[in-house]
Amino acid sequence: MAYIAPSVLSADFAHLGRDLQEMKDAGAKWVHVDVMDGHFVPNISLGGPVVKAIRASTDIIMDVHLMITEPIRYVEEFCKLGADYLTVHVEADTQENTLAAIEKIRALGVKPAISLKPKTPPEAAKPYLDKVDMILVMTVEPGFGGQSFMADMMPKLKQLRAWLDQVNPECKLEVDGGIDRNTAPIVKANGAEVLVSGSSYFKDPDKADYVRVIEA
Ligand code: DX5
Ligand code: ZN
């Protein structure tokens, strides 16, 4: 079973409540929220107050993707704001601090996840394989919506699925970047279960059909 997680990065921020309701009406069970600090990535997106407002206006699974340096400083805040999944990047801090962040997230009753940028090899996920509930493989350089899908990430996806099947079969694989009606079948064939989609979802005139096709 695959799930779409529409990314609010491409939503109309002046009408976020409307766009969140539209997602739910279209059948989406997840929403993806990108937090960027202008340091780990060259863009600033949104922070705690917006995450809080999203939580207050929808009950679908809130998947918060932290693209921030030393995320351990903020994991407690985002857990308390109502994230269901909280993702930190393995490149954003030391292994020791990333492990501590994962532990902290779990202790707060939230599902921990890690993410890998395109240039990060799958081996970088090894210390965390049995400690997380999801691994997010970036299929674009993080920072901006609307970029082209990187098909060369598929071997990484396959490798991670194979390792997870041995040590943590329940762990989900998520992809983020350039997902649309054409690329969704490719990532699903390589083991992706949660498919983030920003610009293509928001541009599509038939959201319910888009959700159905991405998840099929
Ligand atoms: C990019 C973000 C993505 C973004 C994806 O750094 O992490 O979640 O919203 O956008 P699209 O689907 O347009 O590539
Ligand atoms: Zn994202």
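Which protein donors does the zinc ion (ligand 2) have? Hold that for a moment.

First, the ground rules. This is a predicted model, where local features need pLDDT of at least 70, side-chain atom pairs count only at pLDDT 80 or more, and totals for chains, interfaces and linings use all residues. Residues are numbered from 1 along each chain as its sequence is written, chains are lettered from A and ligands numbered from 1 in the order written, and side-chain values use heavy atoms, leaving out hydrogens and water.

Now the zinc. The protein donors are His32 (NE2), Asp34 (OD), His65 (ND1) and Asp176 (OD), 2.0 to 2.3 Å from the ion. A donor here is an N, O or S atom within 2.8 Å of the metal (3.2 Å for Na, K and Ca); water is not among the atoms, so sites may look incomplete. The site has 6 donor atoms, with angles of 69 to 170°, and is octahedral. That label needs six donors, with opposite ones over 155 degrees apart and all others between 65 and 115. Ideal angles for six octahedral donors are 90 or 180 degrees.

Look at the sequence spacing: H-x1-D-x30-H-x110-D. Asp34 in strand E2 and His65 in strand E3 are 31 residues apart, so this pair links distant parts of the chain. Strands are DSSP runs of E, at least two residues; helices are runs of H or I, at least four; both are numbered from the N terminus.

Are these two buried or exposed? Asp34 has 5% relative accessibility, so it counts as buried. His65, at 0%, is buried too. Buried means under 20% relative accessible area, with a 1.4 Å probe and protein chains only. Trp30 also lies in strand E2. Trp30 counts as buried at 2%.

Next, the largest pocket. About 270 Å³ of space lies there. Its lining has 27 residues, with Gly145, Gly146, Asp176, Gly177 and Gly178 nearest the centre. A pocket is an open set of points on a 1 Å grid over the protein atoms alone, where a 1.4 Å probe fits, with protein on both sides within 12 Å along at least five of seven lines; lining residues have an atom within 4 Å of a point. Strands E2 (30-36), E3 (61-67) and E8 (194-197) and helix H7 (199-203) each supply at least two lining residues.

Finally, the whole protein. There are 8 helices and 8 strands. Of its 216 residues, 54% count as buried. The C-alpha atoms fill a box of roughly 45 × 35 × 30 Å along the principal axes.

Note on methods:
Points joined across faces, edges and corners; volume = space filled by probe spheres on them. Tetrahedral: all angles 85-135°; square planar, octahedral: opposite > 155°, others 65-115°. Buried < 20%, exposed > 50% of the residue type's maximum accessible area, 1.4 Å probe, protein only.
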